[in-house]
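Biologist: Could you pull up the model and take me through the ligand sites? I'd like to ask about them one at a time.

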Amino acid sequence: MLVRIALKRAGWCALLLGLALASPLRAAEKDADPDDAPKAKGVSFLSMTLEDKEAAVDRVEQGKMSKDGANTCVGCHDEEFKFPVFPLFKTKHAVKADPRSPFGQDNAQCEACHGPGNAHAKAKKKDKRSGNIINFGKDAWTPVKDQNEKCLTCHQNHQRIQWKGSSHEFSEVACASCHKIHVAKDPVLDRQAQADVCFTCHANEKAKFQQASHHPVREGKMACSECHNVHGENGSGLMVKASAREKCTSCHAEKRGPFLWEHAPAAEDCGLCHSPHGSNQAALLKKRPPQLCQECHSPLAAHPTVAYDGSKLPNSMFLGAKGCLNCHSAVHGSNHPSGVTQLR
Ligand code: HEC
Ligand code: HEC
Ligand code: HEC
Ligand code: HEC
Ligand code: HEC
Ligand code: HEC
Ligand code: HEC
Ligand code: HEC
Ligand code: HEC
Ligand code: HEC
């Protein structure tokens with residue numbers, strides 16, 4: 001900047017000089033780039049450090065409650081306000097007769113979740129988003145841990161007790177990343193709409209459910225939460241393998257057994273042969289028989305005379321149509337007295 005002003009004053013003589021020095025001149029200009037100057041604007045919450053945020057949470061918690069509770073808030077956050085607050089009044093959170101609800105008698109109403117709001121209500125408009133009231137969701141200034149604690153003050157019951165240590169807690173997923181509070185019907189609690197909430201983060205699973213064979217989730221007949229406990233389970237993930245089989249057989253009871261003649265893998269883990277979300281093989285199979293079976297059964301062990309690779313006997317009943325299943329149809333186990341090799 002300074003360099004350019006100096007050059008202007010020195011007239012066209014210096015302009016020639018300027019051309020000759022073109023590149024150092026540009027370098028000098030860059031050094032004086034106004035973007036490098038400290039910002040005049042106020043510090044936005046986006047640039048707050050984690051310590052700033054924690055300190056702000058403490059300030060809010062120690063602050064005063066607003067004078068008239070929800071009436072203070074809806075004085076500004078009314079029907080005209082860009083974020084629709086009012087549908088909340090159609091939900092369980094606004095049931096006045098329920099003493100546990102934020103709107104139960106003597107409870108803190110809006111501030112039960114958002115924390116004391118006097119400072120926020122009185123703040124200048126430009127400071128409304130500077131960390132003076134608890135906010136929710138993954139883009140909010142409030143650290144996820146502190147957001148979730150607000151919800152857990154009321155929801156630390158038996159269903160939620162395993163939240164601590166679950167994958168979603170460990171990965172700092174906010175309650176509010178799944179739950180919408182200010183809508184009449186929370187989509188994640190709706191079987192038809194739930195999967196789309198999950199797919200915002202789990203794109204791989206979305207692709208799986210598009211495959212030819214799939215559990216009817218995208219048809220809206222089944223929810224992810226019918227297999228997964230999203231709030232955590234047994235402290236070791238959202239669905240441990242051992243309990244997965246129990247989940248499967250809670251719907252597919254005929255596969256539960258016990259069978260007179262078990263097929264070892266089916267007694268252990270359905271996931272050894274099926275991919276639970278989707279597959280391009282029939283019946284959610286990971287591979288098509290005979291390859292599926294030959295993952296475990298050596299070609300030499302059972303039917304040693306058969307060309308298991310398919311190259312020599314393309315029409316063999318061992319390999320064609322349903323392959324091994326042509327004869328071994330009771331692949332999940334058999335109760336037939338002579339079903340030892342799962343032929344019936
Ligand atoms: C004097 C008007 C006024 C009052 C009273 C008021 N708010 Fe606000 N509130 C605002 C404005 C303006 C914003 C900023 C909106 C924006 O910038 O998009 C805001 C933002 C918020 C936010 C987002 C804050 C953030 O940091 O992201 C929450 C949550 C909120 N208000 C809740 C409340 C609650 C709860 C109360 C009652 C305790 C309340 N407000 C009272 C005007 C008000
Ligand atoms: C049960 C907890 C809870 C209660 C009670 C509650 N809120 Fe909220 N509020 C939330 C959550 C969670 C969000 C984030 C958006 C969502 O999930 O719907 C939110 C979002 C907001 C926002 C939008 C902030 C933004 O980023 O723009 C405003 C404004 C707000 N609430 C005001 C209120 C007011 C006013 C009341 C009382 C009438 C109230 N809230 C009661 C949980 C609550
Ligand atoms: C002041 C206590 C309180 C706070 C704080 C609170 N809730 Fe609730 N919540 C309740 C009560 C009471 C119910 C109704 C329970 C029932 O009917 O069994 C409820 C119900 C729910 C439901 C089920 C709604 C339905 O339609 O079945 C969800 C989901 C929920 N809360 C999530 C949240 C989240 C997320 C937060 C934090 C943003 C939160 N709650 C904060 C008291 C609270
Ligand atoms: C990964 C998405 C997800 C997250 C994160 C999540 N929830 Fe849920 N929540 C669900 C789903 C799905 C259901 C319905 C199925 C169920 O009950 O398991 C539900 C149901 C609920 C219910 C109502 C049903 C009941 O059992 O009473 C409450 C209350 C609730 N959640 C609170 C919370 C709280 C509090 C948090 C944060 C600590 C949280 N949720 C985090 C997805 C989520
Ligand atoms: C029929 C039961 C079932 C349904 C329905 C289901 N899942 Fe799963 N899901 C499973 C099983 C079983 C596993 C464990 C797979 C494994 O360990 O290989 C799993 C694993 C996962 C994983 C971990 C993936 C990984 O590779 O570790 C995610 C994420 C997941 N499921 C999300 C979802 C979502 C999102 C939905 C709904 C759109 C859903 N699931 C519906 C049974 C189900
Ligand atoms: C805000 C993002 C987000 C949303 C929304 C979300 N998840 Fe997750 N989920 C994660 C993260 C992060 C992990 C841990 C890392 C991973 O395994 O990808 C995870 C892990 C999982 C796992 C694997 C657990 C394990 O132990 O391996 C399952 C199952 C799962 N989520 C199911 C769901 C279901 C069902 C929903 C919808 C009700 C959902 N998630 C919504 C972010 C999310
Ligand atoms: C909540 C009930 C439920 C649970 C739990 C469940 N399923 Fe299913 N399963 C279904 C329904 C419904 C269908 C679809 C039936 C239909 O379309 O006629 C299905 C279909 C299937 C199919 C056949 C798919 C096809 O394309 O023919 C297989 C294989 C299967 N499930 C395996 C499993 C496994 C493995 C698990 C455990 C990870 C499991 N199921 C858990 C309800 C369930
Ligand atoms: C050894 C591999 C294997 C294991 C392990 C296995 N399955 Fe299967 N499953 C198959 C094969 C192969 C088919 C296709 C059968 C056919 O086409 O006739 C099938 C088909 C199914 C079907 C759809 C057709 C039907 O018979 O209703 C369901 C449902 C099913 N399995 C559930 C389960 C459940 C639940 C488990 C765990 C208890 C399980 N499977 C374990 C191989 C297996
Ligand atoms: C994950 C590995 C695995 C897969 C995949 C598998 N099996 Fe098995 N299978 C076993 C084990 C382990 C045994 C028990 C062997 C024993 O007891 O000596 C067994 C036993 C059998 C038996 C009875 C053998 C006997 O001596 O009692 C038959 C028949 C059989 N499997 C057929 C099949 C067919 C058909 C398929 C494909 C649909 C298949 N298996 C897929 C592991 C597998
Ligand atoms: C044409 C019918 C047929 C087909 C197809 C077939 N099997 Fe068999 N399999 C049998 C019969 C019959 C027995 C019982 C033999 C006996 O008891 O000695 C048997 C026995 C077995 C055994 C137990 C062997 C033992 O040592 O006890 C295994 C394992 C087996 N088959 C695996 C397979 C696999 C894997 C395939 C697919 C590649 C397959 N079978 C295809 C008829 C068939």
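What follows is a short round of questions and answers about this predicted model.

Biologist: Let's start with ligand 3. Which helix gives the most residues to the shell around ligand 3?

Modeller: There are 17 residues around ligand 3, and Lys 92, His 93, Cys 151, Cys 154 and His 155 come nearest. Two helices, α6 (110-114) and α8 (144-155), each bring at least two residues to the shell. The top contributor, with 4 residues, is α8.

Biologist: And which domains each supply at least three residues to the shell around ligand 3?

Modeller: By class, the shell holds 9 nonpolar, 4 polar and 4 charged residues. As for where they come from, at least three residues come from each of domain 2 (63-133) and domain 3 (145-226).

Biologist: Okay, polar side-chain atoms next. What distance separates one in His 93 from a nitrogen atom of ligand 3?

Modeller: A few pairs are worth listing here. Lys 92 has a polar side-chain atom 3.3 Å from an oxygen atom of ligand 3. His 155 places one 2.8 Å from a nitrogen atom of the ligand. For His 93, the distance to a nitrogen atom of ligand 3 is 2.7 Å.

Biologist: Moving on to ligand 7, which helix gives the most to its shell?

Modeller: Ligand 7 is surrounded by 15 residues, the closest being Ser 213, His 215, Cys 248, Cys 251 and His 252. They divide into 9 nonpolar, 4 polar and 2 charged, and at least three come from each of domain 3 (145-226) and domain 4 (261-326). The biggest share from a helix is 3 residues, given by α13 (residues 241-251).

Biologist: How far is the polar side-chain atom of Ser 213 from an oxygen atom of ligand 7?

Modeller: Take the histidines before the serine. His 215 has a side-chain N or O atom 2.8 Å from a nitrogen atom of ligand 7, and a polar side-chain atom of His 252 also sits 2.8 Å from a nitrogen atom of the ligand. For Ser 213 the partner is an oxygen atom, at 2.7 Å.

Biologist: What's the geometry at the iron atom of ligand 7?

Modeller: His 215 and His 252 coordinate the iron through their NE2 atoms, at 2.0 Å. His 215 is in the loop between β1 (213-214) and α13, and His 252 in the loop between α13 and α14, so the pair links parts of the chain 37 residues apart. The iron has 6 donor atoms, with angles of 87 to 180° among them, and the site is octahedral.

Biologist: Is His 252 buried, partly exposed or exposed?

Modeller: Its partner His 215 has 22% relative accessibility and counts as partly exposed. For His 252 the value is 38%, which lies between the 20% and 50% cut-offs. That makes His 252 partly exposed.

Biologist: Now ligand 9. How many residues apart in sequence are the parts that His 263 and His 297 tie together?

Modeller: Both histidines are donors to the iron atom of ligand 9 through NE2, 2.0 Å from it. His 263 lies in the loop between α13 and α14 (264-268), while His 297 is in the segment after α15 (291-294), so the parts they tie together are separated in sequence by 34 residues.

Biologist: Which of that pair is buried?

Modeller: His 297, at 45% relative accessibility, counts as partly exposed. His 263 has 17%, and buried means under 20%. The buried one is therefore His 263.

How values were computed. Residues are numbered from 1 along each chain as its sequence is written. Chains are lettered from A and ligands numbered from 1 in the order in which they are written. This is a predicted model: local features need pLDDT of at least 70, side-chain atom pairs count only at pLDDT 80 or more; totals for chains, interfaces and linings use all residues. Side-chain values use heavy atoms; hydrogens and water are left out. A residue is near a molecule or strand if one of its heavy atoms lies within 4 Å of it. A polar contact is a pair of N or O atoms within 3.5 Å; within protein, one must be able to donate a hydrogen and the other to accept it, and residues adjacent in sequence count only if both atoms are side-chain atoms. Ala, Val, Leu, Ile, Met, Phe, Trp, Tyr, Cys and Pro count as nonpolar, Asp, Glu, Lys and Arg as charged, and the others, Gly among them, as polar. Domain bounds come from an automatic or database domain assignment. Donors are N, O and S atoms within 2.8 Å of the metal (3.2 Å for Na, K and Ca); water is not among the atoms, so sites may look incomplete. Buried means under 20% relative accessible area, exposed over 50%, partly exposed in between (1.4 Å probe, protein chains only). Four donors count as tetrahedral if all angles lie between 85 and 135 degrees; four count as square planar and six as octahedral if opposite donors are over 155 degrees apart and all others between 65 and 115; anything else is irregular.
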